[in-house]
Amino acid sequence: MKSKYWILLLAAALIICLALSLMLMGGSPVTRAEISSEGKILKTVDLNIDQEFTITVDSGTNTITVKDGAIAVTAADCPDQYCVARGFCNSGTQIVCLPHRLVIRFLDNETIDGMVG
Amino acid sequence: MKRLICLFLICILLSGCGANTQKTLYHMNTVMHLQLWGKDCETAAARCDVILRDLESLWSVTDANSSLSAINRGQDVKLDGPYQALLNQVEALSQRTGGAFNPKLYALSNAWGFYNEEFRVPTAEEITEALSQEQWDLGAALKGYAGYRLTLELDKLKVDRAMLNLGGNIQTYGEKADGSPWKIGIQNPDGGDYLGIISVTGTMAVVTSGDYQRYFEVDGVRYHHILDPETGFPADSGLRSVTVICDDGLTADAFSTALFVMGLEDGTRFWRASDDFEAVFITNDGKIHATEGVNLSGCDYEVIFR
């Protein structure tokens, strides 16, 4: 009776380990993005939930839209508008608004260590 | 006892992930993301920050107070040994590429408005005039050099390993904990997901030059920032991007620009005459060509043989 209990416990622990390792290392598609400025994380968003919001920092404001699993800066009062030109993305290199020092980074991209380009 | 072993296993699984220190920095008009593993990574990251700031204040072409701006004004600047060596190395690399990588195009980039964001297509006279002014601009080399410079510091501070993203340039340092190669995604020039994955081991620089990184459009025509020193116009060699893999960051940076200007055919010839780098070309029609030494996965591509 006692040994059965231990086997069950061991099996449960193993399943938890497996699930954790899959969650941490598995190649699940990107579903979240992190928005930061000056190295401080301002917000993380679930890309599966359509939404629109604005982020205001000292140097200006960016309107960010999440739609159909992708995220974009859809409006900004920055001079160069590079961030808006990127359009909707769901992975790849981070979206940057340099004048506002705003960075949108895709999370859970565990299959690669870095992006070049 | 068994319970302890289970707990121990879970701890190992959890601790194996994530950098000891992550830092986001803003230098050289770009965003840099440093990930460091090892003892005392905070100190090392702070040192990296200082080094990058110093490099920028020496070599920034947009900062009137930089040493490079003084050199461009014709002032007699006394450079420290390593910095004179950097300029000499940049000139040697330029010569090796037959001038396809030209570190003296500041006036030309300025004429196109790539520095003051007042984009415009210059006239033929303006281009001739700009090409005649040999003013230094290390924009196509400085981030690559910075990657190399940082690895020297990480060596000194005995950092175990690092993944340095210097505004789209990748510099790896050391081996990954599990001994597997560093996996680096190549940006799809059309945006979105990565196109393929390059695997590299140890300390290596991976640098991409692409027409999508900086550009403006006039009357439906796209003008990008990689200028051809022959024509004074954005290089039109049939490529969307070139990625160079090399153990020296400066060389990787300079050659990615040079190969972009050369195009696939001349670039292949240049690679065959060299033995110190590998390259991945993405052509206008979206085809990928990789030299035989590249470990590329996740995409279809043509191998370029020696």
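Okay, let's start on chain B: strand E6, residues 194-200, is joined to E13(B) by 2 bridges, and the two strands run antiparallel. If you want a residue to click on, take B:Ile197, whose bridge partner in E13(B) is B:Ser297. Keep in mind that this is a predicted model.

Now zoom out a bit. Those two strands belong to an open sheet of 4 strands, ordered E8(A)-E5(B)-E6(B)-E13(B), and the pairing is mixed. At the edges sit strand E8 of chain A, residues 114-116, and strand E13 of chain B, residues 296-297, each pairing on one side only.

So where do the chains meet in that sheet? E8(A) and E5(B) run parallel, with 3 bridges between them. Look at A:Gly114, for instance: B:Ile184 in E5(B) stands opposite.

Next, the contact between the chains as a whole. Chain B puts in 35 residues and chain A puts in 30. On the chain B side, the elements that each supply at least two residues include helix H1 (2-15), strand E5 (182-187), E6 and strand E10 (239-246). By type, that side of chain B splits into 17 nonpolar, 13 polar and 5 charged residues.

Last stop, one loop in chain A. Between strand E6 (95-97) and strand E7 (102-106) of chain A you'll find A:Leu98. Why does A:Leu98 count as partly exposed? Because 17 other C-beta atoms lie within 10 Å, while buried would take 20 or more and exposed 12 or fewer. Also, the C-alpha atoms of A:Leu98 and A:Gln81 are 9.6 Å apart, with the two positions 17 residues apart along the chain numbering.

Notes
Residues numbered from 1 in each chain as written. Chains lettered and ligands numbered in written order. Predicted model: local features only at pLDDT ≥ 70, side-chain atom pairs only at ≥ 80, totals over all residues. Pairing = 2+ DSSP bridges. Contact = placed C-beta atoms within 7 Å. Nonpolar A, V, L, I, M, F, W, Y, C, P; charged D, E, K, R; others polar.
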